[in-house]
Amino acid sequence: MPGIVIVGAQWGDEGKGKATDQIAERVDYTVRYSGGNNAGHTIVVDGQTYALHLLPSGILNPGCVPVIGNGVVVDLEVLFEEIDLLLARGVSAADHLLVSANAHIIAPYHKVIDKVTERFLGKRRIGTTGRGVGPAYSDKVNRLGIRVQDLLDEKILRQKVEASLEQKNHLLVKVYNRAAIRPDEVAEQLLQYTPRLRPLVADTARVLNDALDEGKVVLFEGAQAHHLDVDHGTYPYVTSSNPIAAGACTGAGVGPTRIDRTIGIMKAYTTRVGEGPFPTELHDAAGEKLRQDGGEFGTTTGRPRRCGWFDALVVEQAVRVNAFTDLFLTKLDVLTGWEEIPVCVGYEAEGRRLAHLPMTQTEFHHAEPVYEYLPGWSEDISGARSFDQLPQNTQRYVRRLEELCATRISGIGVGPSREQVVMLRDLR
Ligand code: GDP
Ligand code: IMO
Ligand code: MG
């Protein structure tokens with residue numbers, strides 16, 4: 001029975017939250033497998049907007065068990081704040097929530113280091129969300145991380161915090177000119193969460209494998225996106241984890257053969273927050289119009305998102321690496337009102353025409369988009385609920401993207417609300 005993965009096909013903020021919430025109505029478990037509270041997933045239900053950073057979006061569906069997998073980095077302050085905010089709005093999030101004993105913790109010092117290193121980088125900064133995500137993953141790989149299970153053993157926790165801060169304090173004081181951080185203070189801060197955390201901690205890999213054995217449906221909700229992946233994205237302008245579909249295996253503890261469906265979420269145009277290459281970016285009034293019409297301001301940091309036309313090369317690479325079985329096209333309604341809509345179908349880089357993303361960062365930085373122009377539409381499509389209710393030119397736009405990405409489009413978003421979708425086939 002199905003394991004389904006949802007992955008952003010561009011640079012994030014494609015509408016993964018809404019897509020997850022859509023499908024979560026009919027699944028048993030929703031699982032975050034990578035990233036931390038650098039994510040911002042917005043879901044609109046009955047006129048109420050929910051912005052989730054750490055909890056999986058399926059939490060809004062009462063029948064669905066939410067899981068934070070081992071691949072996630074957890075800021076405990078944010079976790080409990082988010083749970084309490086939902087509780088105040090009548091969503092009892094913590095009733096079933098499971099948190100992997102192996103997930104790593106974002107400690108207060110990770111946030112300090114994220115901010116000082118960005119400042120230190122100056123012009124070469126990544127434009128991180130400042131949530132401590134990169135430094136927490138660095139510690140994980142360096143074997144200096146603090147895991148959820150460490151909070152259940154005070155003695156071990158104190159030892160690990162001390163070991164983790166030993167080198168960092170030298171750096172903070174001698175290189176960054178900051179005050180040293182006291183390990184005992186950090187340990188106290190973390191330990192105050194233990195009583196609330198303890199009942200949520202589980203061997204989530206076992207729980208999920210058992211669920212799949214029993215024929216339950218498990219939905220793995222990607223955060224970030226293919227092109228922010230530390231291995232496959234526009235390195236170094238990436239996040240520090242593996243948001244790609246394969247990341248669901250390592251980040252939740254399930255084997256590749258348990259994944260039956262990989263769904264790529266792609267916006268009808270392109271956006272990006274933070275630094276890094278973006279060939280179809282618009283610096284003119286057209287870009288500003290996309291930003292205003294699409295409400296393109298970050299859910300997490302409020303930063304204006306960089307906006308540009310749909311780039312088929314960007315999605316095509318994501319299709320290949322993630323082996324998407326389906327695509328979910330979002331925010332098609334935002335494109336209403338353009339006479340014609342450019343779609344990037346190739347690049348010119350250093351005198352050569354490219355049909356795929358360039359191999360090197362140098363070429364990527366010099367890539368100029370080659371556009372095909374598709375006729376636009378002026379009709380309001382936000383009320384459409386079936387494909388034949390879409391204007392002819394809208395249908396043509398969808399079909400052309402499908403052709404360029406060589407993958408079927410199975411769902412289309414025509415507005416932010418839960419019901420504003422056109423489903424072409426069942427995604428479960
Ligand atoms: P995520 O990070 O991939 O979950 O995406 P975000 O939630 O950060 O950003 C997507 C934004 O677009 C949110 O404000 C959603 O409410 C909104 N949204 C999602 N799908 C649609 C859609 O089909 N049409 C419109 N107009 N807005 C959408
Ligand atoms: P969702 O899940 C868009 C970007 C940051 C920065 C880079 C590294 O909402 O799609 P980090 O704080 O992760 O070290 O920052 O990654 N970034 C995102 N951009 N959507 C996200 O998440 C992002 N998460 C990280 O802007 O460029
Ligand atoms: Mg987002």
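This is a dialogue on the surroundings of ligand 1 in a predicted model.

Local features need pLDDT of at least 70, side-chain atom pairs count only at pLDDT 80 or more, and totals for chains, interfaces and linings use all residues. Residues are numbered from 1 along each chain as its sequence is written, ligands from 1 in the order in which they are written, and side-chain values use heavy atoms, without hydrogens and water.

Student: What makes the link between lysine 331 and ligand 1 a polar contact?
Tutor: A polar contact is a pair of N or O atoms within 3.5 Å. An N or O atom in the side chain of lysine 331 is 2.9 Å from an oxygen atom of ligand 1, so the pair qualifies.

Student: How do you know that glycine 413 makes one through its backbone?
Tutor: A backbone N or O atom of glycine 413 lies 3.2 Å from an oxygen atom of ligand 1, so the pair meets that cut-off.

Student: How much of the accessible area of ligand 1 does the protein cover?
Tutor: Of the 590 Å² that ligand 1 has on its own, 91% is covered; the areas come from the Shrake-Rupley method with a 1.4 Å probe.

Student: Which elements give two or more residues to the shell around ligand 1?
Tutor: They are α1 (16–24) and β3 (41–45), and α1 gives the largest share, 3 residues. Helices (H or I, at least four residues) and strands (E, at least two) are DSSP runs.

Student: Why is ligand 1 said to lie between domain 1 and domain 3?
Tutor: Domain 1 (3–100 + 200–263) and domain 3 (266–423) both give residues to its shell, so ligand 1 lies between them. The bounds come from an automatic or database domain assignment.

Key:
A polar contact is a pair of N or O atoms within 3.5 Å; within protein, one must be able to donate a hydrogen and the other to accept it, and residues adjacent in sequence count only if both atoms are side-chain atoms.
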